[in-house]
Amino acid sequence: MSTSVIGQPISRIDGKLKVSGAAPYGSEHAIEGVTYGVPVTSTIGSGRIVSIDSSAAEKMPGVLGVVHHGNVEPMYRPAQGFERMIRAGETRPPFEDDVVYYYGQYVALVIAETFEEAQAAGAAVRVNYQTTKPLVLLGQAPAPKDPPVFKYSRGGAESAYAQAAVKTDHTYITPVETHNPMEMHATIAVWDKTKEKLTLYETTQGVVNHHNTVCQMLDMSLESVHIISPFVGAGYGSKLFPWPQSLLAAAGARHVGRPVKVTVTRPLMFTTVGHRPYTQQRVRLAASRDGKLEATIHEVQQETSMVDDYVERCTDPTPMLYSCPNVSAVQHLVHLNVGTPTPMRGPGTTPGLYAIESAMDELAVALNMDPLELRLKNYAEQDEGKNLPFSSKHLRECYQQGAERFGWSKRNPQVGSMRNGDKILGWGMATCTWPGSRSTADVRVRLLVDGTARVSCACQDIGTGTYTIFAQVVADKTGIPIDKIKVLLGDSDLPPGPTSGGSAATATVLPAISNAAEQARETLLKVAVGTTQSPFQGADPKTLQITNGRVHTQDKSPDTGVAFEEVLKLRRLSSVDAQARSEETENSKKYSIHSFGAHFCEIEIDPGIARLRITRWLTVLDGGRIMNAKTGHSQIMGGVVMGIGMGLFEETVYDARNGHPVNSNYADYLVPTNKDIPNIEVILLDYPDIKLNEYGARGIGEIGLTGVASALTSATYHATGVRVRELPIRIEDLLQSTVTA
Amino acid sequence: MQSFQYQDAKTVDDAVSANGGIAGAKFVAGGTTLIDLMKLNVETPQTLVDINRLPLTGVESTSDGGVQIGAMVRNSDLANHELIQKRYPVLSQALRSGASPQLRNMATTGGNLLQRTRCYYFRDTAYAACNKRNPGSGCAAIDGFNRIHAILGTSEHCIATHPSDMAVAMMALEATVHTQGSSGSRSIALDEFYLVPGNTPQKENVLAPGELITHVTLPALADGTRSYYLKLRDRASYEFALSSAAVVVRVSDGRIRSARVALGGVATKPWRSREAEKELEGHPVGEKTFQAAASAAVRGARPLHDNAFKVKLVQLCLVRALRVVTTEA
């Protein structure tokens, strides 16, 4: 067994297809006779549809049909919460009834021969509404009366807080953020009436969940529906679960008897495919004068839609991040007239850490203590929330290495004291964390007589490098080089795989790939020793090895052996096959499994024009074993970039009058440009967490984003004296600074 | 988008006669505003006259030492033109601060002058109330989210900001717009080209229906004149100005001898501030003078719920621009 391919900076094996435009994304599959479905969406935030007049639209050129709640075939809600791998983004199927719950809700679908015809006809559909006043902003909602969706307590937090010497009590707000992957959601539905079979071309982070869920919602059997999603132009969580456009395309295809393509437009990306919900988090911290935490109280209110109870688990890290005897955390939902929120990269922990880490920075100021020293003082040696040891925690090393490399000891804590010419410098740091977990996956590996290997799983690559990791593990276990390995993902006909979410896909599939590849290799070697004319006939298979695709005895060079396909040819076999399953292990109950890291950043403020620019970024991360140095580094870098977006730019702004997101396009919803991003230095400690899987990889897709925003608000405070407790940091905030050049 | 007739014009006369000033006819150049708005059903022309082949692509010195710019010169070509970079850095800087490279490669000089506002409510036909789009219907922005909206030149009927960077620089350069229409050609000082909304926000400039911009001319600048464009916004690139300032200044012996100031991102049209100029001309170079000019520039500003910060920001912007332009390199 060679380990030379694991951890190497290997370029993505699908990279060439992507940069050459040859990789088909959701809406790009060439389907003969495809028609176009263009949605009509509600222009009110709350109310009822009184009537839909599609008569003019239906007479327009090319129009094949208009589907709405009055004529759609029945659809159903998913058995969400009752069954595994059944979850829809929005549990209410489109066109369920005449009720409008939010602005931008689908109210009709116009299907025409061309996209342009469908669009023109869509504009001609007249919808009459009975409007009721929508509730759009959490700040305008009455205090929640329902019981909390999350509650945690240890010790006596309130009394400890009351008695403590030093305390902070502030409320932190994160706005609604919209995922905005480059590739918008899209579905092409192909309905074969004679066979009663439906094929859905999708862009999904979860082929299996998508398959299971749409089958239930369309009342179809798993065998009669086929999901194909070979490439995903990112998702950030917005593609974890099926959204209504998938069902609309299916319903439309059944309605007109032709393939129907429905593409979610950029404005509709802001209303119909989820968002990170608005959160309002009161954090109270109390400490002794020497900085030992005595109480942590974290109270969260978070919005969700009128139709679903989506929980953004901001309090996930609260019980475990620091050592503290008295902790309480509680979270409430507030129902608003908005689309259903959905996980967005680092859900829960990201807004949660913004609040907790901001509070820690404020506590450090109150204690007149260095913020890093405060973290070290309260370092959690074990998970005090679960009362479990950590499987592998190297956060202290992250802090220490980061501080040294950044030069943290040179930080003058006084506000506005550090300068670079006319610019004021601000230094901030924050902890980041994300849990490690694994679920179930089945993987099939075939070693083929054409000299290639094939590995397949109904997992998917959402742009993170999953294809490449599959190939790396097969190469590692079989000794067949990566360029001879074909990876098949994103198809519900393949053995069921996990959703690409929670940073768990890698940790989940690794053991299954590894076992299947190992089995296939062993079978091949058995064939090699059990076949007449084989040069290895009668040998002990344990003495054999495959290197660079050649079977040879371990004590001799690969040149002395034969290509593995020669063994198959001798036996007249097309292939040897193996399939293996991996599942959650007992270790997830015996250990607290988490990645950790530390961000350090420097910003420059030009006080004369209230301009903030980030000048340095350093992230030191303990993410377990890094399977691919290149894609791993990119994941952390990308997470930091997204965190900078959260800190400085991102906010979906709703018109309170009707719930319309007014900045629903790429020009007005700001994300960082290249010019906003400094050189980002990422150091990966690379300690294998073998409690999670044999390679010790934890999954690092999300952690890079956590903590970033509070590192930025801390740096901003350090430079300007302005504490931003409502993201993003805006020019309006910087204008409040009294620090001058 | 609605269906429309398409006509291709090869000469200015062809274009003007094809348009004919009939209702529903529009010229299309780079299309970076018009096509966008057609997709949103905000613009619904019945006829598009394509002027992309018109021979209006030159940037030339004029006999009086100025520059004549063809209406079809693309923003990126203009920004990178030697004459512009050398004589009118403020214009080159303004152009390069606008949009993205892809958009600048398409957008034209004439088209940029006619760029429509980025007001959210103008761009979304789901809002019935927009006096610019639908005269007399009201203004959804005044009580809506108006962080990007104007504080100068507004009326109770419209608060939409003019989005152009180029036009702000041209305003400070005292450009002249040259047009041709069915009744002949004319020249219009840029300052007189734009209209404040008043009670007719649908009317943004003095062009008659079917009148085509053919050229823009910039006058020669006196020796020793310096110019600079500063744009402030949330992110470092690809965003409309929250405040911008174009300054064209001549200094001798520590005094400002002439000053032209225009502001962007804060007004309903590219905003020439003669009030600021008055506080600069004849005064000594220095913070006190700059501050006085900045205060004068925002006199009469009408901030709203979300854009009050612009009153301060645009002053900072102007003060900094003046400091940069008066500091010897």
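**Core, helix packing and backbone details of a two-chain model**

The largest nonpolar core of this predicted model holds 307 residues, and those with the most contacts inside this core are V110(A), V474(A) and L318(B). Helix α12 of chain A, spanning residues 505-529, gives the most to the core, contributing 13 residues.

Two residues of chain A offer a good view of the surroundings of V474(A). Setting aside neighbours within four places in sequence, V474(A) is in contact with V445(A), A453(A), V455(A), I480(A), I485(A), I513(A) and A517(A). One of these partners, I485(A), lies in strand β22 (residues 485-488) of chain A. I485(A) counts as buried because 24 C-beta neighbours lie inside 10 Å, the cut-off for this class being 20 or more. Again not counting residues up to four places away in sequence, I485(A) touches T452(A), A453(A), V455(A), A471(A), V474(A), A475(A) and I480(A). As for a more remote pair, I485(A) and H226(A) are separated by 259 residues in sequence and by 25 Å in space, C-alpha to C-alpha.

Turning to helix packing, two packed helices are described by the angle between their axes and the distance between the axes. In chain A, the axes of helix α15 (residues 629-648) and helix α16 (residues 708-720) come within 8 Å and cross at roughly 50°. This angle makes α15(A) oblique to α16(A), and the crossing of α15(A) past α16(A) is right-handed. On the α15(A) side, V640(A), G643(A), I644(A), M646(A), G647(A) and L648(A) take part, meeting V708(A), A709(A), L712(A) and T713(A) of α16(A). Sorted by class, this contact of α15(A) with α16(A) comprises seven nonpolar, three polar and no charged residues.

A helix pair in chain B can be described along similar lines. Helix α11 (residues 287-297) of chain B and α12(B) have axes that come within 9 Å and cross at roughly 140°. Here too, α11(B) passes α12(B) in a right-handed crossing. F290(B), Q291(B), A293(B), A294(B), S295(B) and A297(B) of α11(B) meet V314(B), Q315(B), L318(B), V319(B), L322(B) and R323(B) of α12(B). By class, the residues in this contact of α11(B) with α12(B) are eight nonpolar, three polar and one charged. Among them is L318(B), already introduced as one of the residues with the most contacts inside the largest nonpolar core.

Helix α12(B) also has a part in the interface between the chains. There, 22 residues of chain B are in contact with 23 residues of chain A. Helix α12 (residues 309-326) of chain B gives the most to the side of chain B that touches chain A, supplying six residues. That side of chain B has twelve nonpolar, five polar and five charged residues.

Finally, a few backbone details deserve a closer look. The peptide bond from L727(A) to P728(A) is cis, with omega near -5°, and P728(A) is placed in the loop between α16 and α17 (731-734) of chain A. N180(A), although not a glycine, has a positive phi of about 55°. N180(A) is found in the loop between β8 (166-174) and β9 (186-192) of chain A, and with 23 other C-beta atoms within 10 Å it is buried. In chain B, Y238(B) is a residue other than glycine with a positive phi, near 50°. The loop between β9 (225-232) and β10 (243-252) of chain B holds Y238(B), which is buried, having 20 other C-beta atoms within 10 Å.

Notes
Residues numbered from 1 in each chain as written. Chains lettered and ligands numbered in written order. Predicted model: local features only at pLDDT ≥ 70, side-chain atom pairs only at ≥ 80, totals over all residues. Core = buried A, V, L, I, M, F, W, Y, C linked by C-beta atoms within 7 Å. Buried ≥ 20, exposed ≤ 12 C-beta atoms within 10 Å, placed from the backbone. Helix = DSSP H or I, 4+ residues; strand = E, 2+ residues; numbered from the N terminus. Contact = placed C-beta atoms within 7 Å. Axes fitted to C-alpha atoms, helices over the stretch in contact; angles between N-to-C directions. Parallel < 35°, antiparallel > 145°, perpendicular 65-115°, else oblique. Left-handed = near helix turned anticlockwise from the far one by under 90°. Nonpolar A, V, L, I, M, F, W, Y, C, P; charged D, E, K, R; others polar.
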